[in-house]
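User: I should like to learn how features of a structure such as this are read. Please begin with the cysteines.

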Amino acid sequence: MKIFITILITGILTQNFVLARFLGICPFLGVSKKVGTAAGMSVAVIFVMVLATAATWPINAYLLVPRGLEYLQTVVFILVIAGLVQLLEVVLKRFLPPLYDALGIYLPLITTNCAVLGVVLLNIQNQLDYPQALATSLAGGLGFLVAMILFAGVRERLESAEIPKSLKGLPATLAAASLVSMSFLGFAGIAENIFN
Amino acid sequence: MQIIIPIGFVAALALVLGLGLAFVSEKLAVPVDEHEEHILAVLPGVNCGACGFSGCAGYAKALHTGAETNAGLCAPGGDEVAQEIGKLTGFSSEHIVPQVAVVRCQGGENVAKKTYHYSGMRSCRMAAQLAGGVKACPCGCIGLGDCAVVCPYDAIRVCPDGIARVESEKCRACKACVAVCPKDLIVLVQKEHPVPAVLCCSTLKGGDTRKVCTKGCIGCKKCEKVCPNGAAKVTNFMARIDADRCIACGECAKVCPVGAIQ
């Protein structure tokens with residue numbers, strides 16, 4: 001049980017996918033203009049991250065490793081994630097139209113979200129077992145949610161601030177992102193020291 | 001030969017995924033209604049919300065299900081779109097008179113008095129919370145351009161004198177600016193038949209208006225007297241022109257001593 005709590009804390013705070021590992025920067029900058037859309041995107045990411053791990057871990061363990069094809073991981077995982085997202089879209093559209101409407105365009109966008117690919121590859125690299133890998137994905141997704149919502153809040157305030165013309169738009173956004181990221185570095189060391 | 005195994009593996013995986021997807025999307029396909037799609041295709045697709053629905057898709061759906069039976073709600077699309085929708089749905093629409101938005105204030109720099117210097121957020125809605133804005137006139141354009149920001153057609157600009165103005169060629173009468181102006185200064189007027197617009201909203205007494213703005217309507221009733229058709233009426237020290245009675249002779253604009261009618 002302790003290991004799962006550790007995984008959650010590290011995934012959300014110290015090893016946050018966006019703010020500490022710098023994965024998934026594109027949606028982080030792209031869809032963080034409003035808190036509502038940021039939350040929608042993040043929920044979709046959580047969904048896909050967990051499902052992608054659930055699908056790729058067995059593929060790796062039972063299909064790739066026994067045949068010595070580990071080097072195909074990246075290619076195969078991209079393929080599987082893309083297929084999975086498409087499948088998810090069809091299924092949601094049919095059975096959960098409200099959720100499908102809420103996630104909207106973000107669902108297909110996740111196909112190319114490197115945080116999703118990152119989490120499945122890191123799970124294999126760190127040699128986690130199946131439950132741990134799933135927990136890591138969940139934590140990674142939750143961390144993405146936290147980062148997105150925090151940053152969307154920052155950006156909504158940035159929007160109405162008076163910024164020098166040369167810094168308007170992306171420069172100011174990137175500077176703000178680095179500050180938020182730095183604040184997350186403050187969590188480093190917390191997880192190790194609490195649980196040991 | 002080494003290469004065969006990975007190629008075969010990835011190809012097989014892709015085949016399985018592809019077939020699976022094809023099968024699932026075939027099995028679980030949501031029946032898309034062509035009729036609704038057609039209506040949506042006719043609408044301009046700017047999602048401005050002038051029709052009162054969340055966007056073009058919302059309006060198309062309401063028309064399709066019969067929840068909405070007025071085919072003429074799309075202001076940006078105008079008469080053309082209304083006719084098209086009428087053909088598709090069988091719903092009729094009243095003839096749509098093309099309209100444009102107009103900002104009813106001319107109290108720019110050196111025309112209207114300011115009471116304080118504002119240096120807060122660049123937003124009219126924010127500024128309006130501080131004693132109703134910088135202008136001494138309670139109905140003055142704040143000029144921070146909230147209307148320009150929401151305009152989906154880029155038709156509104158805040159001019160150098162600090163007054164927002166609408167470029168009538170670009171305006172499609174979507175009412176986004178009407179809703180956002182904290183001073184309710186923006187109204188829609190007919191585009192073709194040019195009824196003179198009273199570019200002032202001040203209901204202050206004549207003298208009081210005079211004190212805060214040189215171009216505000218002082219309620220002198222000159223327009224009322226000169227109007228041959230009884231279209232101009234002054235109520236609450238404010239001239240109003242009835243578009244239905246106006247014959248666009250332009251007499252009122254000529255006699256207005258402050259130039260508030262244009």
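Analyst: The model is predicted. At 18% relative accessibility, B:Cys227 counts as buried, because buried means under 20% relative accessible area.

User: What is a disulfide, and how many disulfides does a search of the whole structure find?

Analyst: A disulfide is a covalent bond between the sulfur atoms of two cysteines. Over all chains, the search finds 0 disulfides. For B:Cys227, the closest cysteine sulfur belongs to B:Cys249 at 5.9 Å, which is too far for a bond. The sulfur of B:Cys171 is likewise too far from its closest cysteine sulfur, that of B:Cys177, at 6.2 Å. B:Cys171 is buried, with a relative accessibility of 8%.

User: How many salt bridges are found over all chains, and how should one of them be read?

Analyst: A salt bridge requires a side-chain nitrogen of Lys or Arg within 4 Å of a carboxyl oxygen of Asp or Glu. The search finds 8 over all chains. One of them joins B:Arg125 to B:Asp146, with an N to O distance of 2.8 Å. This pair links distant parts of the chain, 21 residues apart: B:Arg125 is in helix α5 and B:Asp146 in helix α6 of chain B. B:Arg125 is partly exposed at 42%, whereas B:Asp146 is buried at 5%.

User: Which parts does the salt bridge between B:Arg157 and B:Glu167 tie together?

Analyst: In that salt bridge the closest N and O atoms are 2.7 Å apart. B:Arg157 lies in strand β2 of chain B and B:Glu167 in the loop between β3 and α7, so the pair ties together parts that are 10 residues apart in sequence. B:Arg157 is exposed, at 55% relative accessible area, while B:Glu167 is partly exposed at 23%.

User: How many residues separate B:Glu251 and B:Lys254 within their helix?

Analyst: They are 3 residues apart in helix α10 of chain B, about one helical turn. Their side chains meet in a salt bridge at 3.4 Å, N to O. B:Glu251 is partly exposed at 30%, and B:Lys254 is exposed at 62%. Elsewhere, salt bridges with shared partners join B:Arg157, B:Glu167 and B:Lys170 into one network.

User: Which residues form the patch of positive charge on the surface?

Analyst: B:Lys221, B:Lys222, B:Lys225, B:Lys233 and B:Arg245 gather there. Among them, B:Lys222 is found in helix α9 of chain B and is partly exposed at 44% relative accessibility.

User: Which residues make the nonpolar surface patch?

Analyst: A:Leu87, A:Val91, A:Phe95 and A:Leu96 make this patch, of about 330 Å². A:Val91 is found in helix α4 of chain A, a chain that has 10 helices and 0 strands.

Technical notes
Residues numbered from 1 in each chain as written. Chains lettered and ligands numbered in written order. Predicted model: local features only at pLDDT ≥ 70, side-chain atom pairs only at ≥ 80, totals over all residues. Heavy atoms only, no water. Patch = residues over 30% accessible without salt bridge, like charges linked within 9 Å, V, L, I, M, F, W, Y side chains within 5 Å. Areas by Shrake-Rupley, 256 points an atom, 1.4 Å probe, with all protein chains shown as cover. Lys, Arg positive; Asp, Glu negative; His and termini not counted. Charge placed at Lys NZ, Arg CZ, Asp CG, Glu CD. Helix = DSSP H or I, 4+ residues; strand = E, 2+ residues; numbered from the N terminus. Buried < 20%, exposed > 50% of the residue type's maximum accessible area, 1.4 Å probe, protein only. Disulfide = S-S within 2.5 Å.
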